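Good morning, colleagues. I would ask you to keep the structure in view while I take you through a few of its features.

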Amino acid sequence: MDQQKEIEMSQLRESYDCPYTDQPITVDGHLDESAWDKAEVLDFFIPVTFEKPISPTEARMLWDDDYLYVGFKAWDKDIWSYLTERDSSTCSEDVLEVFVKPEAERDPYYNFEINALNTVFDAYNVKRGAGGNDHHRWSRWDCQRLQSAVFVKGTMNNWEDEDEFWQLEVGIPFAD
């Protein structure tokens, strides 16, 4: 293993401090409340190679008494999404995902995928890999009070120009 890869691997985090906020968060896709400034930035990398992606993405997380909030900023030169029906296969488009596993050592887990049009795929997965490739088997569950909003700095679905980024802000209700 080369020295650069060793350095990158040494910077991997085992945990993330998700700060509590008593400031109201408006889920509008803008991430402009001052509470977001208190949340650490999570930078993403390509698994296995640990390389930085061509189009970087960062995330931040906060929580209050009712919600877990996740904010993303994804730089992308060609932002595109077409699916608009809830629980569509959004993972085949520009999408950002949140997986929540309440207990580290046990299933179930919750899956939230939201595309650049703010189309939601949400699923309650009783066990990883159960149901094979039929991800719609678990998508009959809907997180009723889920809040999400997208802001796009560019033009959706136009490959002839160059976009800058898109942001996703999500409020996942603990009660659901």
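A149 stands opposite E169, a residue of strand 8. I should say at once that we are looking at a predicted model. The two strands concerned, strand 7 and strand 8, run antiparallel and are joined by seven bridges.

Let us widen the view to the sheet. Five strands make up an open sheet, in the order 1-2-3-8-7, with antiparallel pairing. Strand 1 and strand 7, which spans 147–153, stand at the edges; each has a single partner strand, so one side of each is left without a neighbour in the sheet. As a general point, strands of a sheet pair through backbone hydrogen bonds, either parallel or antiparallel.

E169 leads us to a second glutamate. Leaving aside neighbours within four places in sequence, E33 is in contact with E169, and also with Q23, P24, I25 and T26. E33 itself lies in the loop that runs between helix 1 (3–10) and strand 1 (42–43). Is E33 buried or exposed, and which side chain of opposite charge is nearest? E33 is buried, yet it has no salt bridge. The nearest side chain of opposite charge is that of R60, 10 Å away; a salt bridge would require the charged atoms to be within 4 Å.

Finally, the surface. Past strand 8 (165–173), in the segment that follows, we find F174. This residue is partly exposed, its relative accessible area being 48%. Together with Y20 and W63, F174 forms a nonpolar surface patch, and the three have about 310 Å² of accessible area together.

Terms used
Residues are numbered from 1 along each chain as its sequence is written. This is a predicted model: local features need pLDDT of at least 70, side-chain atom pairs count only at pLDDT 80 or more; totals for chains, interfaces and linings use all residues. Side-chain values use heavy atoms; hydrogens and water are left out. Helices (H or I, at least four residues) and strands (E, at least two) are DSSP runs, numbered from the N terminus. Buried means under 20% relative accessible area, exposed over 50%, partly exposed in between (1.4 Å probe, protein chains only). Lys and Arg count as positive and Asp and Glu as negative; His and the chain ends are not counted. Contact means heavy atoms within 4.5 Å. Patches are made of residues with over 30% relative accessible area and no salt bridge: like charges are joined within 9 Å, nonpolar side chains (Val, Leu, Ile, Met, Phe, Trp, Tyr) within 5 Å. Accessible areas come from the Shrake-Rupley method with a 1.4 Å probe; for residues, only the protein chains shown count as cover. Two strands pair if DSSP finds at least two bridges between them.
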